[in-house]
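Trainee: I should like to take a close look at one part of this structure. Please treat that part in a single connected account.

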Amino acid sequence: MKFLRLIYCYLFFLIACSEEIITNPELLFDNSLPLIVSSYEYSDIYNKTYFMGGDTSCLLNITDTINSIPVLAWDSIYLPIVTVAIFNSSIQVSGSTIRNINNIVWQWHTGITSSTYLNGMQYVDYKEGKKLNNNEIDYTSSVDSLPEGLYYWAVWGWSASGVDIIYSSRELNFYVKN
Amino acid sequence: MNRTFNIFFYLFFIIIPVFSQSDEIWFNDFGGDENYLLPQQVEQYILKMKRENEETIVGGYVSSIYHESVDSARIILLINESYVDSVYSNNGLFSFSVKDLSSRIALKISHPDFYDLDTAMILTASDYNILQLVMNPKYKVSIRGRVFAGNIPLEGVSVRIRHLENVININTRGCYYDKEDYWNCLYQGMFRYNLITVNPDDSIYLTLTKEGMKPFYRGMVVKEYTGEVMHMKMKYAEMLPIIPKYNLGLKISFPVMSVSNDWFVGISAYRNLGKGFWRRINLGVEADAYITTITVSHPTFINLPQSSSDSTYIHPFTGPSLLLWIVPPEKRYFSTYTGSTVAYNFSKSGVIFQPFAGTRVFLDLNKAINLELRYTGYQADVIHYVFNGYGDSSRHKEQEFFRKLSLNLGIQIVL
């Protein structure tokens with residue numbers, strides 16, 4: 001009886017001390033915490049307003065139609081290292097890393113410019129980002145506007161250690177109509 | 001202070017015809033209190049004896065002012081100044097057979113705690129007479145003390161009390177099981193001695209001795225003693241009574257005591273090699289570990305500062321160890337040593353040397369604290385990261401050399 005009690009205490013201690021493993025399969029990186037993308041609107045230089053549904057559009061399986069130089073935004077997370085990328089095809093992730101980097105058509109990170117914080121959201125203008133050449137960010141040339149088509153995007157970030165991704169959004173999409 | 005005690009001896013002279021009677025039967029028949037008998041109770045006994053005895057007896061009951069029987073009193077019967085008989089009374093009662101009522105009868109009563117009592121009387125043919133005598137007592141002082149080493153009561157301390165030509169040797173008490181079978185340490189380290197003296201100006205000298213302790217001396221005049229339990233603190237001797245044979249140690253070091261902000265914990269077991277020169281050498285085993293936090297840096301995105309990541313590693317070692325006492329180990333304070341552990345490095349599968357030097361201070365006879373400086377140079381793997389802008393960073397191990405110098409605080413138990 002004493003032995004059983006000892007085992008019970010040991011198991012209780014083990015369960016109490018065990019680290020909770022985060023699993024969010026709906027996110028781009030399923031071992032990260034959710035980065036919320038709320039719906040927002042932005043206007044182009046002609047004062048035409050575009051609506052981005054964010055996570056809501058994703059859940060309702062709606063594709064928002066926007067212009068070729070979109071504004072991307074997400075709920076502020078104040079991480080020191082954050083990046084957002086636009087893909088011309090669905091994002092493929094395995095082993096906690098993105099495999100189809102060659103499909104990235106545009107990318108921005110906190111080392112390029114500082115994003116704009118407004119109403120609890122973090123905004124990045126398309127022109128602030130860079131395009132990729134040979135799977136590397138091309139910091140020298142300016143970015144071209146997006147051709148018409150379906151695009152996928154996501155945002156993810158690291159803590160100050162820069163080791164593991166701790167926040168990531170869902171894979172979102174939009175359609176560019178010129 | 002006038003310490004004159006008035007002890008009254010109530011002497012009841014009984015002149016009654018008796019055949020034979022003993023004190024024990026007297027008590028048993030009466031069934032009274034053994035410490036003190038009231039005069040009415042004695043009178044009842046006398047009347048009982050009167051019925052049973054035909055001869056004339058001289059009997060009495062000796063008690064103190066505190067209504068206690070005087071034990072072990074010697075009573076001597078003199079008739080016409082000639083010795084006739086004497087008895088030792090173990091309960092205060094005594095009796096003599098007397099035939100000549102016209103003689104001059106004298107009684108001498110002596111007891112080491114009291115002044116001698118002499119009295120004389122002429123007996124008549126009455127049934128019985130009761131006499132009351134008042135006597136001056138001697139001084140009786142209960143000397144009590146408790147011996148400590150620090151705050152710990154010391155049992156088995158030899159206490160030598162010298163008073164005039166008398167020398168008394170007693171020991172302080174230890175713990176014991178009481179009547180209810182409880183472990184009782186209430187009187188641990190205490191001693192008591194009842195001193196009887198005539199002169200309150202007498203001096204008494206106390207000498208306390210115990211192995212491993214410095215002798216303790218105290219002197220006083222009897223009248224200065226207030227009656228309280230004297231608290232006497234003995235100090236440890238400079239040298240241990242025996243050279244410790246076995247030595248078990250636990251060491252710890254905090255980040256502030258380490259050059260590289262490490263935690264250190266270690267255990268050790270040593271055996272002393274013997275006497276003479278060999279007592280300076282200890283052989284043993286040590287097992288210890290450094291708990292160290294290592295920070296590695298790596299670049300991330302362009303224009304961002306380098307990221308740094310902390311990882312905690314435990315680097316354990318164990319192996320045989322040789323210890324040389326520079327200051328002999330039997331010294332109580334600051335016996336200093338040096339040595340080296342030939343340690344197996346579990347982190348990198350190799351053997352290294354851990355030179356050390358330290359000093360030891362005993363807290364009591366078998367517990368000590370020590371301060372030790374230890375150097376360890378070893379190789380171990382450290383995890384480094386390569387930033388990945390599209391996922392978790394990749395990891396790889398790099399072998400690095402560590403130099404650890406820590407000041408360790410330890411506790412030792414010697415056997």
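Which order do the strands of the open sheet in chain A have, and is their pairing parallel or antiparallel?

Mentor: The model is a predicted one, and the description below should be read on that footing. The open sheet in question consists of three strands of chain A, in the order 5-11-10, and its pairing is antiparallel. Strand 5 and strand 10 (116-118) of chain A form the edges, each of them pairing on one side only. From one strand to the next, the twist averages 30°.

Strand 5 of chain A repays closer attention. The strand spans residues 71-75, and four of its five residues are buried, so strand 5 is largely enclosed by the rest of the structure. The burial criterion here is 20 or more other C-beta atoms within 10 Å of a residue's own. Strand 5 of chain A is thus an edge strand, pairing on one side only, and also a largely enclosed one.

The partner of strand 5 is strand 11 (residues 121-125) of chain A, and the two run antiparallel to one another over five bridges. Individual positions show how they are matched. A73(A) of chain A has Y123(A) of strand 11 opposite it, while D75(A) stands opposite M121(A), also in strand 11 of chain A.

For context, chain B may be described briefly as well. Its secondary structure comprises two helices and 27 strands. Of its 415 residues, 26% count as buried. Among contacts in chain B between residues at least 6 apart in sequence, 58% link residues at least 24 apart.

Notes
Residues are numbered from 1 along each chain as its sequence is written. Chains are lettered from A and ligands numbered from 1 in the order in which they are written. This is a predicted model: local features need pLDDT of at least 70, side-chain atom pairs count only at pLDDT 80 or more; totals for chains, interfaces and linings use all residues. A residue is buried if 20 or more other C-beta atoms lie within 10 Å of its own, exposed if 12 or fewer, and partly exposed in between; C-beta atoms are placed from the backbone. Two residues are in contact if their C-beta atoms, placed from the backbone, lie within 7 Å. Two strands pair if DSSP finds at least two bridges between them. Axes are lines fitted to C-alpha atoms, for helices over the stretch in contact, and angles run from 0 to 180 degrees between N-to-C directions.
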